[in-house]
Amino acid sequence: MASRRAQFNQQLLIDTTPLPADIPAVKEIGASSAPLLSASFFIGARCRDYNDDYMQCKTENPGRGEFECLKEGRRVTRCASSVIQDINTHCLAEFRKHWECLDDRNHQLWQCRPAEWKLNKCVYDNLKLEKKIPDQPKNVTPVELRPTQIFSDVRIGPGDGKPFAAARSEAKQ
Amino acid sequence: MAQDMPPRGGYEPVQYKRNLPAKGFRPGIMLLGMGAIMSYGWYRLVHGMREANELGREKMWARISLIPLLQAEEDRDQVRRYWADQKREKELLGENAKIYHTDRFVKPTFAVTPPPTTN
């Protein structure tokens with residue numbers, strides 16, 4: 001019931017009334033879908049606990065989570081904002097390259113591997129955040145590290161850089 | 001009058017079979033070739049499907065990391081609108097009527113909005 005579509009008599013529904021003053025204000029994330037997708041694994045890496053707290057709160061308050069989980073929601077948003085902020089501070093060029101690539105390529109991650117590797121390396125060097133996809137099969141190369149992407153339109157050439165894996169680069173050192 | 005007789009030694013055999021050269025490879029070879037092409041196609045397909053599964057997993061985990069963030073923003077907005085609505089109702093009508101027989105948060109089906117403002 002709570003998920004039904006609202007029907008309004010005007011398309012753009014503007015209600016600028018702010019939240020009451022006793023609710024701490026939080027700045028919304030303000031990023032569009034491509035930067036969010038680009039930073040999603042780093043958000044997941046740093047904000048895992050906050051995200052889990054929030055989802056647990058929503059599960060424990062069925063139907064009332066909108067009111068009861070405001071505090072957890074603020075934490076989630078603050079944490080994600082901090083990740084975006086840090087990436088912007090340290091890896092702005094790589095980040096922008098990657099999300100603009102995603103924006104141009106229909107949000108298909110496999111079209112933008114070289115940019116992604118550069119971003120992952122920069123983020124790992126500066127923020128120690130690592131892209132990790134859980135539950136991948138052990139006996140094959142993880143899909144984000146494959147130098148040939150079957151579905152990509154453009155072949156990854158030798159000049160496009162090497163796949164970056166945090167564990168592998170540490171083992172080399 | 002002499003009767004019309006078959007020629008000496010009998011007639012030539014009648015050619016009822018078509019005399020076409022057998023073109024192409026032997027059937028066995030053709031079958032083997034088809035099998036080879038199909039195997040290669042399946043090989044590529046299986047690899048593609050496995051990669052597609054992995055890409056799907058990647059996409060799903062990216063989404064899983066983002067869902068709390070997006071949901072939190074949406075919830076905050078809904079609560080803000082709900083409380084603003086309640087306040088407006090209180091000012092206009094003097095009391096808040098409980099319109100649903102439930103404590104759950106119900107997304108409004110109809111909403112009264114203030115006149116459009118520019119900010």
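**Chatting through the chain A and chain B model**

Author: Let's start with residues 91-124 of chain A: the C-alpha atoms at the two ends of this span lie 10 Å apart, and the span is 74% helix and 0% strand. Keep in mind that this is a predicted model.

Reader: Nice. What feature does UniProt place at residues 91-124 of chain A?

Author: The unreviewed UniProt entry lists "domain: CHCH" there.

Reader: And chain B, which residues does UniProt give as a transmembrane region?

Author: Residues 24-43 of chain B carry that label, again from an unreviewed entry. In the model, the span is 85% helix and 0% strand, with its end C-alpha atoms 27 Å apart.

Reader: Switching to the interface: how many residues of each chain are in contact?

Author: On the chain B side there are 43 residues, and they touch 57 residues of chain A. Interface size is often quoted as the accessible area lost when the parts come together. For chain B and chain A, the buried area is about 4800 Å², and carbon and sulfur atoms give 63% of that.

Reader: Good to know. How many salt bridges are there between chain B and chain A?

Author: There are five between those two chains. One of them pairs Glu51(B) with Arg146(A), where the closest N and O atoms are 3.2 Å apart. By class, the side of chain B touching chain A has 21 nonpolar, eight polar and 14 charged residues.

Reader: And how many residue pairs are in polar contact across the interface?

Author: The rule finds 14 such pairs between chain B and chain A, with both residues at pLDDT 80 or more.

Reader: What about salt bridges over all chains, what's the count?

Author: The count comes to 16. Among them is Arg48(A) with Asp52(A), whose closest N and O atoms are 3.4 Å apart. Both residues sit in helix α2 (residues 48-60) of chain A, four residues apart, or about one turn of the helix.

Reader: Last one: what ipTM and pTM does the predictor give the complex?

Author: The ipTM is 0.87 and the pTM is 0.83. Chain B has an average pLDDT of 89, and 93% of its residues score at least 70. Where pLDDT is low, predicted coordinates should not be read in detail.

Note on methods:
Residues numbered from 1 in each chain as written. Chains lettered and ligands numbered in written order. Predicted model: local features only at pLDDT ≥ 70, side-chain atom pairs only at ≥ 80, totals over all residues. Heavy atoms only, no water. Contact = heavy atoms within 4.5 Å. Buried area = accessible area lost by both parts, 1.4 Å probe. Salt bridge = Lys/Arg side-chain N within 4 Å of Asp/Glu carboxyl O. Polar contact = N/O pair within 3.5 Å; in protein donor to acceptor, adjacent residues only side chain to side chain. Nonpolar A, V, L, I, M, F, W, Y, C, P; charged D, E, K, R; others polar. pLDDT = per-residue confidence, 0-100. UniProt positions renumbered as here; feature names shortened; annotations may be inferred.
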